[in-house]
Amino acid sequence: MCKDYLRPSLKIPPGSSTELSHRGQQFLVALFERYDKDVDGALSPEEHRMIFSTCPSTPWSYSTDIRKSCPVNENGWVTLHGWLCRWTLMTLLDVTKTMEYLAYLGFNVHENDTQLAAIHVTRERRIDLAKRQSSRSVYICHAIGPKGSGKTGLCRGFLLDDMRSLIGKEFKTNVNYCVNTVQVYGQEKHLILRDIDVKHALDPLQPQEVNCDVACLVYDTSNPRSFEYIARIYIKYYAESKIPVMVVGTKADLDERRQDYLLQPAEFCQKYKLLPPHFFSLKANKKELYVKLATMAAFP
């Protein structure tokens, strides 16, 4: 297949993002249903392998990526919902790769059109900021905080009906993105959580680690030295930006410790006109945090 067939030219203005169009989603649903031979609403590892048998390779690892980054069933097999979530993630981060794999999977033949029909380019973010409302259906949230602050549990919990199963779990695979859907005022939105570690309080962040639709600054309420990391990050990168920010205190089921910082978290949020800290615990098994983050992204 020639380069132009696999990767047709797509113009993306600065500040715009890429999502699957309705036709793109319909094609992927039909593909899933064609290969879900036992009609159990999920792809077994073998069914997943068969889908991509016409491709040079699979776009992601079944065992270490798709099972850890999007919703799966009790067997750890990717559901239709999870399948669409994973394609949504790839389309936002690497739309060229999405178009290439759609070509391998026969989109152009089935739809009698180029893969451009499967992609929707959103309006520029500056327009969203001016209108204080976004028309996008996919948002990316950066969960930033020190190692051990509970960020990974917060991100992985987004994929599960019962996040209490993560308590005490050691996360060995390094999956940086988790994607699922939430309802924002009755509309379904995809929220992508990116897990970003800050190893030292003075470590710099790269521009691609700062820029997002909403930032979730995470600290461990039971560790007195945890809040300083995110306070410094907020002042350095977000105090002057237009990116919405939420401060989240994890491990809220443990005893809260006074933070070794000039201001306590609630005072800090008040000073910088942020929402009060949101307290999060895997034990509580509550999902309202994710809805709040998506809502802040939708109405920046």
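## A buried threonine in α5

T91 is buried, with 0% relative accessible area (buried means under 20%, exposed over 50%, partly exposed in between, using a 1.4 Å probe and protein chains only). Before going on, a word on the ground rules: this is a predicted model, where local features need pLDDT of at least 70, side-chain atom pairs count only at pLDDT 80 or more, and totals for chains, interfaces and linings use all residues. Residues are numbered from 1 along each chain as its sequence is written, and side-chain values use heavy atoms, with hydrogens and water left out.

T91 sits in helix α5, residues 80-93 (helices are DSSP runs of H or I with at least four residues, strands are runs of E with at least two, and both are numbered from the N terminus). So what does T91 touch, leaving aside its neighbours within four places in sequence? The list is T18, E19, L20, T98 and I119, where contact means heavy atoms within 4.5 Å. Take E19 from that list: E19 and T91 are 72 residues apart along the chain, yet their C-alpha atoms are separated by 5.8 Å.

## Two domains and what lies between them

The protein splits into domain 1 (16-128) and domain 2 (139-295), with bounds that come from an automatic or database domain assignment. Their C-alpha centres lie 28 Å apart. Domain 1 puts 13 residues into the contact and domain 2 puts in 17.

Between them the two domains bury about 1,200 Å², with 67% of it on carbon and sulfur atoms (buried area is the accessible area, 1.4 Å probe, that two parts lose on being put together, summed over both). On the domain 1 side, K68, L89 and R125 lose the most area to domain 2, and together they make up 37% of what that side buries. How many salt bridges does the rule find across this interface? Just one, given that a salt bridge is a side-chain nitrogen of Lys or Arg within 4 Å of a carboxyl oxygen of Asp or Glu.

## D213 and its arginines

The structure holds 17 salt bridges. One of them joins D213 to R125, with the closest N and O atoms 3.4 Å apart. D213 lies in the loop between α10 (207-210) and β8, while R125 is in helix α8 (residues 125-131), so this pair ties together parts that are 88 residues apart in sequence. Are these two residues buried or exposed? D213 counts as buried at 5% relative accessibility, and R125 is buried as well, at 16%.

D213 also forms a salt bridge with R136, the closest N and O atoms being 3.7 Å apart. R136 lies in the loop between α8 and β5 (138-146), so here the parts tied together are 77 residues apart in sequence. Both R136 and D213 are buried. Put it all together and you get a salt-bridge network linking R123, R125, D128, R136 and D213.

## The six-stranded sheet

Six strands form an open sheet in the order β6-β7-β5-β8-β9-β10, with mixed pairing (two strands pair if DSSP finds at least two bridges between them). At the edges stand β6 (177-184) and β10, each with a single partner strand, so one side of each is left without a neighbour in the sheet.

Now for β9 (residues 245-250). Six of its six residues are buried, so this strand is largely enclosed by the rest of the structure. Both faces are covered, with V245, V247 and G249 on one side and M246, V248 and T250 on the other. Strand β8 (residues 214-220) pairs with β9 in the parallel sense over six bridges; among the bridge partners are A215 with V245 and D220 with T250. Strand β10 (residues 278-279) also pairs with β9 in the parallel sense, over two bridges, and G249 has F279 as its bridge partner.

## Crossovers and a link beyond β9

Two helices take part in the crossovers around β9. Helix α11 (residues 227-238) joins β8 and β9 in a right-handed β-α-β unit, and helix α12 (residues 265-271) makes another right-handed unit with β9 and β10. Right-handed here means that, with the strands pointing away from the viewer, the path from the first strand over the helix to the second runs clockwise.

D253 and K283 form a salt bridge, with the closest N and O atoms 3.8 Å apart. D253 lies in the loop between β9 and α12 and K283 in the loop between β10 and α13 (288-298), so the pair ties together parts that are 30 residues apart in sequence. D253 is partly exposed at 39% relative accessible area, whereas K283 is exposed at 52%.
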